[in-house]
Amino acid sequence: MAEAARSEKHIIEIREVWKTYRMGDEEVHALRGVTLDVIRGEYLSIMGPSGSGKTTLFNMIGALDSPSKGHVLVNGHDMGSLSQEQVAYLRCHSVGYIFQSFNLIPVMTALENVSLPMVFAGMGRKEYEDKAAAKLEMVGLQDRLHHKPYELSGGQQQRVAIARAMANDPALILADEPTGNLDLKTGQDIIEICMRLREESGVTIVSNTHDHKMLGASDRVVDLRDGQVERIRRSDEIDIQEGHIEGIEGVEV
Ligand SMILES: Nc1ncnc2c1ncn2[C@@H]1O[C@H](COP(=O)(O)OP(=O)(O)OP(=O)(O)O)[C@@H](O)[C@H]1O
Ligand SMILES: [Mg+2]
């Protein structure tokens, strides 16, 4: 009973996760015993210096890679005990991914890029085209359906990527530096879209970021350092003032 109640509240449970990469004779410990719960419906930001393990953790949560030690549970299912088919199903239906470099397919239009996860999910053509158009409208790109990525601005490409991430109505969006390639204003627009989608759909968002603008959007902020959780703060505990972040001088917000 206690197990079920816990899984109900927490969409993700990360338990003592280690990730060690071997480079010849050397070992790199990218994650060193990370334990973290993600609350269903929250907007969680993961911050930390370059090399602290953010992308590695993103890959573990999204089942793009597996831990060397420890467990990742999504909706109470231990990812390590699922078959390849079950992991593939989860990646397609339950998780939407957003990357810093957008990762759109260059020869496909916005509509085709957003349709792709629905094609993989076995949806019929009429249904996926209508739904892809609706998702693109949701991110304000109703007049860009037939543009290819190179015909779109960076911010527009990231909006296509958000629409694609939402295609199969996932429970969880994972974003790795979603504003990393965008200017200040465009990054702000992307964060606002993510916040609005969260409000409208109840999707859980976990976002890696260097970007202090993200803090205002987050319910909680996890600080990673050297592959470990240094601290977890609720956003109302973080002093965010214009031009200044607690403990960090001269940061533009
Ligand atoms: N495939 C890999 N093989 C070997 N070492 C790796 C691999 N991927 C990551 N690492 C190492 O693991 C550590 C964590 O890397 P990671 O990419 O998770 O950092 P990050 O916090 O995302 O950094 P950034 O902010 O620069 O994106 C780094 O020391 C990195 O060199
Ligand atoms: Mg990274």
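Modeller: Helices (H or I, at least four residues) and strands (E, at least two) are DSSP runs, numbered from the N terminus. This is a predicted model, where local features need pLDDT of at least 70, side-chain atom pairs count only at pLDDT 80 or more, and totals for chains, interfaces and linings use all residues. Residues are numbered from 1 along each chain as its sequence is written, chains are lettered from A and ligands numbered from 1 in the order written, and side-chain values use heavy atoms, with hydrogens and water left out.

Colleague: Which elements supply at least two residues each to the shell around ligand 1?

Modeller: β1 (10–23), β2 (26–39) and α2 (54–61) each do. The most comes from α2, with three residues.

Colleague: And which residues come nearest to ligand 1?

Modeller: S50, G51, K54, T55 and T56, out of 13 residues around ligand 1. A residue is near a molecule if one of its heavy atoms lies within 4 Å of it.

Colleague: What classes of residue does that shell have?

Modeller: Five nonpolar, seven polar and one charged. Here Ala, Val, Leu, Ile, Met, Phe, Trp, Tyr, Cys and Pro count as nonpolar; Asp, Glu, Lys and Arg count as charged; the others, Gly among them, count as polar.

Colleague: Where is an oxygen atom of ligand 1 2.7 Å from a side chain?

Modeller: At K54, where the partner is an N or O atom of the side chain. The backbone of G53 has a polar atom 3.1 Å from a ligand 1 oxygen. H210 has a polar side-chain atom 3.4 Å from an oxygen of ligand 1. A polar contact is a pair of N or O atoms within 3.5 Å; within protein, one must be able to donate a hydrogen and the other to accept it, and residues adjacent in sequence count only if both atoms are side-chain atoms.

Colleague: How much of ligand 1 does the protein bury?

Modeller: 63% of the 640 Å² that ligand 1 exposes when taken alone. Accessible areas come from the Shrake-Rupley method with a 1.4 Å probe; for residues, only the protein chains shown count as cover.

Colleague: Back to α2. Why is it largely enclosed?

Modeller: Because seven of its eight residues are buried. They are K54, T56, L57, F58, N59, M60 and I61. Buried means under 20% relative accessible area, exposed over 50%, partly exposed in between (1.4 Å probe, protein chains only). Just after α2, A63 takes a positive phi of about 60 degrees.

Colleague: Where is F102, and is it buried or exposed?

Modeller: F102 is in the loop between β6 (95–99) and α4 (110–120). It is buried, at 9% relative accessibility. Its phi is positive, about 65 degrees, although F102 is not a glycine.

Colleague: What about D226?

Modeller: D226 is not a glycine either, yet has a positive phi of about 50 degrees. It lies in the loop between β9 (220–225) and β10 (228–234).

Colleague: New topic. How many disulfides does the structure hold?

Modeller: Zero. A disulfide is a pair of cysteine sulfur atoms within 2.5 Å. The closest cysteine sulfur to that of C92 is in C194, 20 Å away, so it is too far for a bond. C194 is buried, at 7% relative accessibility.

Colleague: How many helices and strands in the whole chain?

Modeller: Eight helices and twelve strands. Of its 253 residues, 48% are buried.
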